[in-house]
Amino acid sequence: MREGQPTAIQLAAYTAPAFWIDTVDLTFDLDPAKTRVLNKMRLRRNPDVAAQPLRLDGEELNLARVLVNGGGTSFKMDGNQLVLENLPEGHDAFDLEIFTTCNPEKNTQLMGLYVSNESFFTQCEAEGFRRITYFLDRPDVMASYTVTLRADKAKYPVLLSNGNLVEQGALEDGPNGPRHFAKWVDPHKKPCYLFALVAGQLVAREQRIVSRSGTEHLLQVFVRPGDLDKTEHAMNSLMASVAWDEARFGLPLDLERFMIVATSDFNMGAMENKGLNIFNTKYVLANPATATDMDFGNIESVVGHEYFHNWTGNRITCRDWFQLSLKEGLTVFRDQEFSQDMAGEASARAVKRIEDVRVLRTVQFAEDAGPMAHPVRPDSYVEINNFYTVTIYEKGAEVVRMMQTLVATPTDSLGRDGFAKGMKLYFDRHDGQAVTCDDFAQAIADANPGSALALHLDTFKHWYSQAGTPRLQATGAYNAAERTYTLTLSQSCPATPDQDRKAPFVIPVTLGLLSRDGAALPLQLAGSSEAAPQHTLVLTEASASYSFVNIDSEPVPSLLRGFSAPVVLEDGLNADDLLILLAHDSDPFNQWEAGQRLMLQSALVAIQQNKDLTGQPVLSDALVAALRNVLRHPTLDAAFKDLALTLPSENYIADQLDVVDPQRVHALRETMRLQLASALQADWQWAWDAHKNNGAYSPDAKSAGRRALSGLAMTMLCVAAVQSGDAVTPGRVYQQFKDAGNMTDRFNALSALVVSGHALAQDALALFHKLFQHEALVIDKWFALQAGAPDRAGDVLPRVRQLMQHPDFSLRNPNRARSLIFSYCSANPAGFHRADAAGYVYWSEQVLALDAINPQVAARLARAMDRWSRLAEPYRSAAKVAIERVAAKTDLSNDVREVISRALSAA
Ligand code: BES
Ligand code: ZN
């Protein structure tokens with residue numbers, strides 16, 4: 001990774017592989033310090049490509065032997081590639097045997113084969129297989145795998161790999177006693193990034209299931225001994241995932257055995273290796289005492305996500321890594337739909353949608369506006385690990401969602417049936433292949449002839465090729481005499497690195513119209529005989545106008561319902577219009593959005609005024625009253641109320657500004673929060689009392705929503721109490737912290753004390769640590785809460801530095817590093833952006849320290865400075881100095897180098 005000059009890989013330079021690998025037979029002698037890997041492959045030349053030498057990728061391997069058809073052969077090294085020039089000519093298959101060793105216990109990058117807690121794990125996506133053996137490490141080479149694992153029986157009683165266990169037994173004793181082996185055969189061809197092995201002392205929760213078609217399967221969740229009591233929810237989520245994919249898309253489990261294994265050392269969330277998913281413990285382990293509602297929800301969606309990859313990613317995979325969104329965007333869309341379907345009721349579905357959009361807009365829109373902006377299908381990259389981004393994932397999912405919307409028909413108004421038909425055609429055409437995003441879009445369009453997607457497919461595909469967040473301008477004109485309402489939509493898209501000018505996108509705009517007293521008005525387009533409560537306009541050009549007839553009074557438009565396209569909407573609605581939508585919109589997304597926009601507008605006005613913010617009311621009386629109505633509403637969901645009463649984040653507010661003073665944004669948001677806390681104090685008291693008792697814990701959406709709202713109420717009550725000096729409420733919150741029957745309530749109480757800065761917070765933090773010192777995932781929360789706490793007179797950084805010295809802290813464990821360092825650098829803008837630049841100094845130290853251990857994690861931390869060029873002084877200059885300090889290091893990994901050079905190019 002540090003060797004050679006980093007060169008950008010270009011999509012346009014794609015060529016098919018010169019060789020195919022049909023079968024791979026791997027034998028591992030597992031030893032932490034020196035694992036021996038015998039790799040026997042059967043290869044043949046690709047008849048469609050001119051004859052050329054075989055170039056195999058390898059990294060940090062010790063090469064001992066290369067045999068072709070059983071005999072010696074000449075080879076040479078070219079950088080990291082093993083080059084074989086004298087292979088048999090012609091198109092017959094031949095055998096290639098390669099023997100190498102590697103050192104898993106020294107593998108701190110956690111890519112390839114590594115040791116964690118005395119067990120072996122692998123992580124091969126995207127390019128980790130080359131750290132296990134020499135190979136054509138590219139996703140379009142799909143082979144059949146046979147894997148034999150050999151190891152000491154006492155230390156590694158469980159030996160797992162992809163597919164089916166076909167043989168196991170004893171081997172001759174080794175120096176450490178009895179040894180054993182297990183042989184696995186994967187019945188499906190796969191690219192090498194889906195290879196996995198696990199070996200160690202693990203125990204499994206098991207479940208046998210019968211599919212709709214009557215076939216039997218064994219599901220297993222492997223964890224360390226002692227963690228079995230935290231596997232029930234993951235297993236339930238897996239069973240639900242299997243059932244869902246069959247019911248919604250007709251996609252069955254294609255394996256006799258499906259395994260999930262948890263490890264506490266993992267760079268990402270989880271990995272979809274065929275039949276042997278490997279998970280970060282964070283997304284497997286949960287019981288009510290240690291995990292929050294959010295953890296339970298995340299586990300459900302990540303288990304679903306990795307399981308859904310079995311078809312979207314594994315059966316049909318990516319031709320090359322530029323097509324990453326083919327599997328990731330599509331699979332995120334599928335896991336979002338799964339979570340919505342699991343949530344059940346319309347209101348709970350809407351809550352999930354709002355949460356997803358919130359991530360998209362705060363993180364992906366920011367990415368699109370910064371130096372790392374790239375299309376959903378990038379044109380080039382230096383390090384592919386840097387392109388597992390919110391653009392590939394979340395924007396990619398929105399692109400798939402728009403396809404579903406664009407194949408809707410009058411009888412299938414959401415487009416679900418049309419989309420499912422498209423998926424079926426995609427599998428009919430491409431099962432077992434490595435394909436492109438174009439192939440996917442073509443299949444969905446071809447299955448829906450005459451749909452808006454089919455009619456505008458070429459324009460639609462600009463979503464894949466163009467970076468940047470489109471702006472959608474909307475202006476309405478009401479003609480009272482003619483009783484018509486004309487809506488003009490126009491689009492533009494700001495320049496992004498390497499893309500100055502953009503062609504129009506296809507933008508589905510779902511809308512409704514409300515009268516000024518809040519009633520829904522029927523929509524009838526001029527020239528149409530049908531009237532409907534809601535309609536989806538499809539903008540395909542720079543600008544277009546649409547007329548609605550039979551409109552009796554000037555309407556308030558509710559545009560982009562359900563967030564029907566990933567764009568920034570500029571509709572010019574004023575506060576009165578938005579108050580109508582907040583009170584009456586039947587679309588829960590837009591109802592929530594109206595409240596957010598009102599709060600945001602108030603914030604932006606106050607920020608731009610050149611005056612002291614403390615104590616000044618920022619939110620108008622009308623807005624406060626409207627928010628009170630939402631909070632007290634008799635029928636709205638608690639989960640919706642929690643979202644609607646939560647202020648836009650500091651990062652989101654900052655994103656709306658050309659020049660950002662993070663301290664001012666923070667002060668302003670704190671002022672708004674205090675205002676809402678005080679003005680609605682009686683209402684918060686009511687909300688807490690009315691929602692705090694939930695009986696026995698269940699992670700379902702409804703009870704989780706009640707806990708969320710009572711948690712917000714606790715924070716607001718503590719914020720008001722700290723201001724007023726009231727000691728009673730914080731005392732009651734502290735009591736709830738101690739008495740809580742589940743982690744959600746306990747953590748919410750702790751968080752309320754910490755966030756409000758109440759004196760009881762220190763006692764509570766100490767007690768929390770004592771109670772959960774043996775629960776690594778809970779200790780992560782303990783670090784994260786402190787690193788993310790609101791900054792008071794610069795107190796967060798000293799605490800973070802002190803916590804770095806805590807015996808529980810470790811830079812080597814990615815979860816722990818993220819919980820402390822990332823929570824501070826990325827999730828605490830006011831704590832991080834200090835006028836004395838000490839936050840930036842800390843950031844540069846940690847990027848460099850992490851880069852020496854784990855470049856992938858270091859590069860993610862490096863991105864905390866993406867938006868530096870929009871900072872106000874003195875932050876901007878100080879940030880630049882810190883970035884340059886990192887850039888000056890000569891032996892940076894390619895991962896960090898790419899992020900840092902892009903950041904500097906933003907100046
Ligand atoms: N294929 C990825 C895991 C991965 C990502 C491996 C990057 C190598 C490099 C997996 O399917 C995934 O997307 N995991 C997500 C969680 C998911 C629910 C979005 C992750 O790990 O963050
Ligand atoms: Zn994925």
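This passage describes the overall dimensions of a predicted model and the surroundings of one of its strands, S28.

The chain has 907 residues, for which a compact globule would have a radius of gyration near 29 Å; the computed value is 28 Å, which agrees with that expectation. The C-alpha trace extends over about 90 × 70 × 60 Å along its principal axes. The secondary structure consists of 29 helices and 33 strands. Of the 907 residues, 59% are buried. Among contacts between residues at least 6 apart in sequence, those joining residues at least 24 apart account for 71%.

The accessible surface of the chain amounts to about 34,000 Å², and carbon and sulfur atoms contribute 50% of this area. The chain carries 87 positive and 108 negative charges. The mean position of the positive charges and that of the negative charges lie 2 Å apart.

Strand S28 comprises residues 507-514. Eight of its eight residues are buried, that is, under 20% relative accessible area, so the strand is largely enclosed by the rest of the structure. Burial applies to both faces of S28. Ile-507, Val-509, Leu-511 and Leu-513 point one way from the strand, whereas Pro-508, Thr-510, Gly-512 and Leu-514 point the other way.

S28 is joined by bridges to strands S30, S32 and S29. The pairing with S30, which covers residues 535-539, involves five bridges and is antiparallel. In this pairing Ile-507 of S28 stands opposite Leu-539 of S30. Strand S32, residues 556-558, also runs antiparallel to S28 and is connected to it by three bridges. Here Leu-514 has Val-556 as its bridge partner.

The pairing of S28 with S29, residues 520-521, is likewise antiparallel and rests on two bridges. Leu-514 stands opposite Ala-520 in S29. Leu-514 thus takes part in pairings with two strands, its partners being Val-556 in S32 and Ala-520 in S29. S28 and S29 form a hairpin, with five residues between the two strands. The turn of this hairpin includes Gly-518, which has a positive phi of about 95°.

Technical notes: Residues are numbered from 1 along each chain as its sequence is written. Chains are lettered from A and ligands numbered from 1 in the order in which they are written. This is a predicted model: local features need pLDDT of at least 70, side-chain atom pairs count only at pLDDT 80 or more; totals for chains, interfaces and linings use all residues. Side-chain values use heavy atoms; hydrogens and water are left out. Buried means under 20% relative accessible area, exposed over 50%, partly exposed in between (1.4 Å probe, protein chains only). Helices (H or I, at least four residues) and strands (E, at least two) are DSSP runs, numbered from the N terminus. Two strands pair if DSSP finds at least two bridges between them. The radius of gyration is taken over C-alpha atoms; the globule rule is 2.2 Å times the number of residues to the power 0.38. Contact means heavy atoms within 4.5 Å. Accessible areas come from the Shrake-Rupley method with a 1.4 Å probe; for residues, only the protein chains shown count as cover. Lys and Arg count as positive and Asp and Glu as negative; His and the chain ends are not counted. The place of a charge is taken as NZ of Lys, CZ of Arg, CG of Asp or CD of Glu.
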